Amino acid sequence: MYESAFGFSGPPFQLNPDPAFYFNSRGHGRALAYLQYGVAQAEGFIVITGEIGAGKTTLVRMLLDGLDRQKVLPAQIVSTQLESGELLQSIITAFGIPSQSNNSKAHLIATLEAFLTALAAQGRHALLVVDEAQNLPPKAVEELRMLSNFQLGNHSLLQSFLVGQPELRRLLESPSMEQLRQRVTASCHLGPLSLEETQAYVEHRLRRVGWTLHPAFGPGAFESLFQWSGGVPRRLNRLANRVLLAAFLDGAESVSAELIERTAGELRAEIGEGGIEAPAPVPAPSAPPVSPAPAPSPSPSPVEPPVLSFSAPAPAPVPAPAPAPPPEPEPEIHDLPDSEIAAATQDIELDAQSQAALMAPRLRSVSDEAVKAARVHAAGRLARRDSRDKVFCLAATTSDALKFAALAQAMAEQGRFPRMMLVSLGPLPRVWPWTGMGRMLPALEIGLDLEWTDTDLPASTAKVAEGFGHFVQDYQPLAVLSLGSSDAVVACCLAARERGLPLVRLEAGERSPAGASTQGWNATLIEQMSDLLCVASAPSPMRLLARQGTLPERIACVPAHLQQDAVAAVWPEVMTPDRAFLRNGLPMYLGPTWSVNGVKGTPYVLAACSLIGLSVEPALAVVRALAQVRGGGQVVWVVDAPTQAMLVELLAVQPALAEQVVVVQGDGLRRADVRARMDAAAVLCREVASLPEQISLLHGADGAVLDAGHALVDVAGLLQVPCVVLDAAQGQVVRRNAHGAVLAQQPLSDAVLEAELVVARAAAAVTPVLAAPALVTGAAAGVAEHLLAWIDARTQAAMVS
């Protein structure tokens, strides 16, 4: 419809795979080289995995189109739960062998072997492509392995491609598949496109149909396309196609970010996006995209043999400041220790104190580098909207940040909303450690980081005041929203008040029953300064605010707290625990069940604790305490990128602890000794940068140890998962009631942590884990309505005066 208006020779963004539009991205180009190498070997299995729409079929067709049919005879079947006998018949049909009157298994095998032998006598070998291979039952896969035994002399007669979704890895990693794994010649996993590759991909497809920069793409357009598609080619095609249609219908000469956001919202409303996992909207730094070019022929020059892996690692959520080469597909569980540390530990026997003194600078360096990388990575994301009223959202924890994201989304759904800008009061990887959230909750803008530290309060207060002043000068916000009662939040509210900025307090009147603590005094101070107080409809907060002398006109009542709406916003993308384990390269037998046959899994405890900002001894205290948690299974510790880097450094000089704690890095198949170490470990540490996947792992756990303020604490309460709260910075284990209020605090130790976990399990024994949180409460919509009305009233008053 729009093609003729824009002068295109054809549709540029078809959903059907078309090798003519093949884009040689970094990931696809590397995968194609791997596959060409595998075909050149003329034996064994080649495995291709990727998410739905990642370009698996296009890649396979590109490879097949480039084959020399005088040497290779390809055939393709689509697996739809084929049993072994049906699989044999499908293979025979795919190779064009005449139908057989005798359909016995023995006869079919003999017929196929005779055909393959005759083909080999002509100097050709057969290549079988099995699409949707994740649907094959184990017996059918074993049948394929048996067929790979066909040989003529030293030459294999049949080579097989197994193409499927990530679930294919679960099938291939099962113990019964050991013999097949040994026959894998090459493998690859198709990840998403980066931001730079997304732009190159769109322009490449447009140029294939004669694009002459009409329509043009305005500022932020490609970023918005990437954000809403997640870099997945098929989703990108669908969105780009609708965007061009919308531009044509609107008579627009250029494609703007606003048009893309509007169109993406319409698509989301029409067909939904829940259940489709997509990569992070924030790209990791990478090498420049490979220029689109025809695929190289597999025969002219040999391709360097790849090291085999069932998955290429996705871009790291906390990127390094400069591009780094991809990790080895079969990584060691631990990196080698720093040379300085290694030399020192070889020469002398360090006691605990000298070890801590030696490691402290190194840990600070590792942590600071990762935090700085996250900050640089987020810079510039706030320029997405050039002109709009702005509101700062002060967040010191992931729980607060997620609530602000849900509120921003609710305000966006009102149809007219200011720019909601998250101001991170701690290291960005600790306050917003997730990727992919910009697609689920795109209304909140991330990138302002005030670098608050708890160790030096006067210095941090001065730094916050200075940094906050720069932010105010640059963005001129209408108001400042606050959640939480930390010293950092108080410092920012005081700095805002000094500059005449109005303050809005969310969840006002909430107090811990533990007495008049510092947090309680902080909350009172913030509420006294605030111009608008949003209060959950409950007697206790209202009575407290009345005792403080709060005027009724400053209070806005909302239905409930924000955490339930926040969790409900990301819940559509929560998956089963076994799939979350599979996607993150963790043992599949953990969890309630791990197979379609209902095999009972091993119970596990989920931990989510950050070591950012901790010195050596407090960090080791957390690691040792988690290593002693018992419960019939293992502890699965989801960490942020800086924490993972710190753990690698700590365990390198703690050999006894390294036997109990394993840092899982990389993807794909692992050697037998690596799997044995993972099975024997008490704690498996893994960077899981997706909040829905973290929630999925929590949902299958029989207990959790979580950082105070982590969003998973709210989720655990809503799902009734037994939970122990850990304040690592203060070295304390916190006991809370069902509403999250602090009841007691104890010094951190393995005995205390274990005892509190037992208490939590006993308390939760009468209330089984829920299948899903309750429905949306309307709290976010209520706050959004009050906030917009308040902004309108202030704007009108300012105009009158």
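Is Glu143 buried or exposed, and at what relative accessibility? Glu143 counts as buried, because its relative accessibility is 7%, below the 20% cut-off for a buried residue.

## Model and confidence

This is a predicted model. The mean pLDDT of the protein chain is 78, and 79% of the residues reach 70 or more. The stretch 273–356 has pLDDT below 50; in the model this stretch makes 177 contacts beyond near neighbours in sequence. Where pLDDT is low, the predicted coordinates should not be read in detail.

## Overall make-up

The protein chain has 801 residues, and 55% of them count as buried. Its secondary structure comes to 30 helices and 24 strands. The accessible surface is about 32900 Å², with 55% of that area belonging to carbon and sulfur atoms.

Contacts in the protein chain can also be sorted by sequence separation. Of those between residues at least 6 apart, 75% join residues at least 24 apart.

## The five-stranded sheet

One open sheet holds five strands in the order β2-β3-β6-β1-β7, paired in parallel. The edges are β2 (72–78) and β7 (184–190); each has a single partner strand, so one side of each is left without a neighbour in the sheet. On average, neighbouring strands of this sheet are turned by 15° against each other, direction ignored.

Strands of a sheet pair through backbone hydrogen bonds, either parallel or antiparallel. Between β2 and β3 (residues 125–131), which run parallel, there are seven bridges. Within this pairing, Pro74 stands opposite Leu127 in β3. Helix α4 packs on the sheet and touches β2, β3 and β6 (158–164), its direction making about 130° with that of β3.

## Salt bridge between α4 and α5

The count of salt bridges comes to 12. One of them joins the side chains of Glu143 and Lys105, with an N to O distance of 2.9 Å. Glu143 belongs to helix α5 (residues 138–147) and Lys105 to helix α4 (residues 105–121), so the salt bridge ties together parts that are 38 residues apart in sequence.

The two partners fall into separate accessibility classes. Glu143 is buried at 7%, whereas Lys105, at 43% relative accessibility, is partly exposed.

## Network around Arg242 and Glu266

Glu266 and Arg242 form a salt bridge in which the closest N and O atoms are 4.0 Å apart. This pair links distant parts of the chain, with Glu266 in helix α11 (residues 257–271), Arg242 in helix α10 (residues 233–250), and their positions 24 residues apart in sequence. Salt bridges link Arg242, Asp250, Arg262 and Glu266 in a network.

Both residues of the pair are partly exposed: Glu266 has a relative accessibility of 35%, and Arg242 has 22%. The value for Arg242 does not fall under the 20% that defines a buried residue.

## A buried salt bridge

Lys403 and Glu507 form another salt bridge, their closest N and O atoms being 3.2 Å apart. Lys403 lies in helix α14 (residues 398–412), while Glu507 lies in the loop between β14 (503–505) and α19 (518–529), so the pair ties together parts that are 104 residues apart in sequence. Lys403 and Glu507 are both buried.

Key:
Residues numbered from 1 in each chain as written. Predicted model: local features only at pLDDT ≥ 70, side-chain atom pairs only at ≥ 80, totals over all residues. Heavy atoms only, no water. Helix = DSSP H or I, 4+ residues; strand = E, 2+ residues; numbered from the N terminus. Buried < 20%, exposed > 50% of the residue type's maximum accessible area, 1.4 Å probe, protein only. Pairing = 2+ DSSP bridges. Axes fitted to C-alpha atoms, helices over the stretch in contact; angles between N-to-C directions. Contact = heavy atoms within 4.5 Å. Areas by Shrake-Rupley, 256 points an atom, 1.4 Å probe, with all protein chains shown as cover. pLDDT = per-residue confidence, 0-100.
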